[in-house]
Amino acid sequence: QVQLVESGGGLVQPGGSLRLSCAASGRIASINVMGWYRQAPGKQRELVADFASGGSANYADSVKGRFTISRDNAKNSVYLQMNSLKPEDTAVYYCNYAYYSGYTRNQYWGQGTQVTVSS
(Lines give C-alpha, C1' and ligand atoms only; values in the text may rest on other atoms or scores of the structure.)
Protein backbone atom coordinates (compact mmCIF):
# COMPACT_ATOMS: atom_id res chain seq x y z
CA GLN A 1 0.00 0.00 0.00
CA VAL A 2 1.18 3.51 -0.83
CA GLN A 3 -0.07 6.77 0.58
CA LEU A 4 0.25 10.08 -1.23
CA VAL A 5 0.09 13.43 0.53
CA GLU A 6 -0.26 16.53 -1.61
CA SER A 7 0.29 20.16 -0.78
CA GLY A 8 0.13 23.43 -2.67
CA GLY A 9 -2.63 24.64 -4.91
CA GLY A 10 -4.95 27.55 -4.36
CA LEU A 11 -6.19 30.64 -6.14
CA VAL A 12 -3.91 32.57 -8.46
CA GLN A 13 -4.36 35.24 -11.09
CA PRO A 14 -3.70 34.52 -14.77
CA GLY A 15 0.02 34.65 -15.47
CA GLY A 16 0.84 33.67 -11.91
CA SER A 17 2.67 30.67 -10.51
CA LEU A 18 1.99 27.84 -8.11
CA ARG A 19 3.97 24.85 -6.90
CA LEU A 20 2.47 21.49 -6.04
CA SER A 21 4.22 18.90 -3.90
CA CYS A 22 3.47 15.24 -3.32
CA ALA A 23 5.18 12.82 -0.96
CA ALA A 24 4.74 9.06 -1.18
CA SER A 25 5.06 6.68 1.75
CA GLY A 26 4.59 2.98 2.30
CA ARG A 27 5.83 0.18 0.04
CA ILE A 28 7.68 2.14 -2.62
CA ALA A 29 8.92 0.23 -5.63
CA SER A 30 12.44 1.03 -6.74
CA ILE A 31 11.19 1.54 -10.28
CA ASN A 32 8.10 3.70 -10.45
CA VAL A 33 6.44 6.61 -12.17
CA MET A 34 5.21 9.64 -10.29
CA GLY A 35 3.21 12.38 -11.87
CA TRP A 36 0.29 14.76 -11.89
CA TYR A 37 -3.11 14.50 -13.48
CA ARG A 38 -5.92 17.02 -13.46
CA GLN A 39 -9.66 17.00 -13.81
CA ALA A 40 -11.74 20.03 -14.67
CA PRO A 41 -15.50 20.09 -14.07
CA GLY A 42 -17.31 18.05 -16.69
CA LYS A 43 -14.09 16.73 -18.19
CA GLN A 44 -12.13 13.52 -17.94
CA ARG A 45 -9.02 13.26 -15.85
CA GLU A 46 -5.95 13.93 -17.97
CA LEU A 47 -2.22 13.57 -17.63
CA VAL A 48 -0.36 16.80 -16.93
CA ALA A 49 3.17 15.46 -16.50
CA ASP A 50 4.95 12.43 -15.19
CA PHE A 51 8.48 11.37 -14.40
CA ALA A 52 9.77 7.81 -14.26
CA SER A 53 12.46 6.97 -11.76
CA GLY A 54 15.75 6.98 -13.65
CA GLY A 55 13.93 8.34 -16.67
CA SER A 56 12.86 11.65 -18.09
CA ALA A 57 9.87 13.93 -17.79
CA ASN A 58 6.81 13.69 -19.98
CA TYR A 59 4.38 16.58 -20.48
CA ALA A 60 0.99 17.19 -21.96
CA ASP A 61 1.23 19.50 -24.97
CA SER A 62 -0.99 22.05 -23.23
CA VAL A 63 1.55 22.65 -20.45
CA LYS A 64 4.87 22.31 -22.25
CA GLY A 65 7.08 25.31 -21.66
CA ARG A 66 4.98 26.47 -18.69
CA PHE A 67 5.06 23.59 -16.20
CA THR A 68 8.08 21.75 -14.87
CA ILE A 69 7.94 18.43 -13.07
CA SER A 70 10.75 17.29 -10.84
CA ARG A 71 11.27 14.50 -8.36
CA ASP A 72 13.42 13.74 -5.36
CA ASN A 73 13.91 9.98 -5.22
CA ALA A 74 15.47 10.14 -1.77
CA LYS A 75 12.27 11.72 -0.45
CA ASN A 76 9.90 9.75 -2.71
CA SER A 77 8.48 13.10 -3.73
CA VAL A 78 7.37 14.78 -6.91
CA TYR A 79 6.83 18.46 -7.58
CA LEU A 80 5.03 20.48 -10.21
CA GLN A 81 6.09 24.07 -10.80
CA MET A 82 3.35 25.83 -12.72
CA ASN A 83 4.15 29.15 -14.36
CA SER A 84 2.21 31.40 -16.71
CA LEU A 85 -1.02 29.89 -15.46
CA LYS A 86 -4.14 30.26 -17.56
CA PRO A 87 -7.81 30.05 -16.62
CA GLU A 88 -8.00 26.77 -18.52
CA ASP A 89 -5.52 25.28 -16.06
CA THR A 90 -8.24 25.45 -13.40
CA ALA A 91 -8.87 21.92 -12.15
CA VAL A 92 -8.37 19.52 -9.31
CA TYR A 93 -4.81 18.23 -9.55
CA TYR A 94 -4.08 14.68 -8.44
CA CYS A 95 -0.74 13.15 -7.60
CA ASN A 96 -0.24 9.70 -9.09
CA TYR A 97 2.18 6.92 -8.18
CA ALA A 98 2.46 3.85 -10.38
CA TYR A 99 4.58 0.77 -10.79
CA TYR A 100 4.41 -2.14 -13.18
CA SER A 101 4.06 -5.83 -12.42
CA GLY A 102 4.83 -7.26 -15.81
CA TYR A 103 2.43 -5.47 -18.10
CA THR A 104 0.01 -4.57 -15.30
CA ARG A 105 0.01 -0.95 -14.11
CA ASN A 106 -0.68 -0.58 -10.41
CA GLN A 107 -1.40 2.94 -9.29
CA TYR A 108 -2.38 5.09 -6.36
CA TRP A 109 -3.90 8.56 -6.20
CA GLY A 110 -3.61 11.48 -3.88
CA GLN A 111 -6.68 13.19 -2.49
CA GLY A 112 -6.49 16.03 -5.00
CA THR A 113 -5.79 19.72 -4.61
CA GLN A 114 -7.75 22.53 -6.20
CA VAL A 115 -5.99 24.97 -8.52
CA THR A 116 -8.07 27.96 -9.58
CA VAL A 117 -6.77 30.52 -12.05
CA SER A 118 -8.97 33.58 -12.08
CA SER A 119 -8.79 37.34 -11.91
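This report walks through the core, one sheet and the disulfide of a predicted model.

## The nonpolar core

Let's start on the inside. The largest nonpolar core holds 28 residues, and the members that touch the most others are Leu4, Trp36, Leu80, Met82 and Tyr93. Many strands feed into this core: two or more residues come from each of strand 1 (2-7), strand 3 (18-26), strand 4 (33-39), strand 5 (46-52), strand 7 (67-72), strand 8 (77-82), strand 9 (91-101) and strand 11 (113-117). As background, nonpolar side chains in soluble globular proteins tend to be buried together.

Leu4 is a handy residue to click on. Leaving aside residues up to four places away in sequence, Leu4 touches Cys22, Ala23, Ala24 and Met34, and also Cys95, Asn96, Tyr97, Tyr108, Trp109, Gly110 and Gln111. Two of those partners, Cys22 and Cys95, come back below as a disulfide pair.

## A four-stranded sheet

Next, a sheet to trace by eye. Four strands form an open sheet in the order 1-3-8-7, and their pairing is antiparallel. Strand 1 and strand 7 are the edges, each pairing on one side only. On average, neighbouring strands here are turned by 15° against each other, with direction ignored.

At one end of the order, strand 7 and strand 8 are joined by six bridges in the antiparallel sense. If you would like a spot to check, Ser70 stands opposite Tyr79 of strand 8.

## Ser21, a buried serine

Strand 3 also carries Ser21. Is this serine buried or exposed? Ser21 counts as buried because its relative accessibility is 16%, and the cut-off for buried is under 20%.

Which residues does Ser21 touch, not counting those up to four places away in sequence? Its contacts are Val5, Glu6 and Ser7, together with Trp36, Val78 and Tyr79. Tyr79 is the residue that Ser70 stands opposite, and Trp36 is one of the core members that touch the most others.

## The disulfide

The model has one disulfide. It links Cys22 with Cys95, whose sulfur atoms are 2.0 Å apart. The angle about the S-S bond is -80°, and the link is left-handed. Because Cys22 belongs to strand 3 and Cys95 to strand 9, the pair ties together parts that lie 73 residues apart in sequence.

How accessible are the two ends? Cys22 is buried, with a relative accessible area of 1%. Cys95 is buried as well, at 0% relative accessibility.

Methods: Residues are numbered from 1 along each chain as its sequence is written. This is a predicted model: local features need pLDDT of at least 70, side-chain atom pairs count only at pLDDT 80 or more; totals for chains, interfaces and linings use all residues. Side-chain values use heavy atoms; hydrogens and water are left out. A nonpolar core is a set of buried Ala, Val, Leu, Ile, Met, Phe, Trp, Tyr and Cys residues joined through side-chain atoms within 4.5 Å. Buried means under 20% relative accessible area, exposed over 50%, partly exposed in between (1.4 Å probe, protein chains only). Contact means heavy atoms within 4.5 Å. Two strands pair if DSSP finds at least two bridges between them. Axes are lines fitted to C-alpha atoms, for helices over the stretch in contact, and angles run from 0 to 180 degrees between N-to-C directions. A disulfide is a pair of cysteine sulfur atoms within 2.5 Å.
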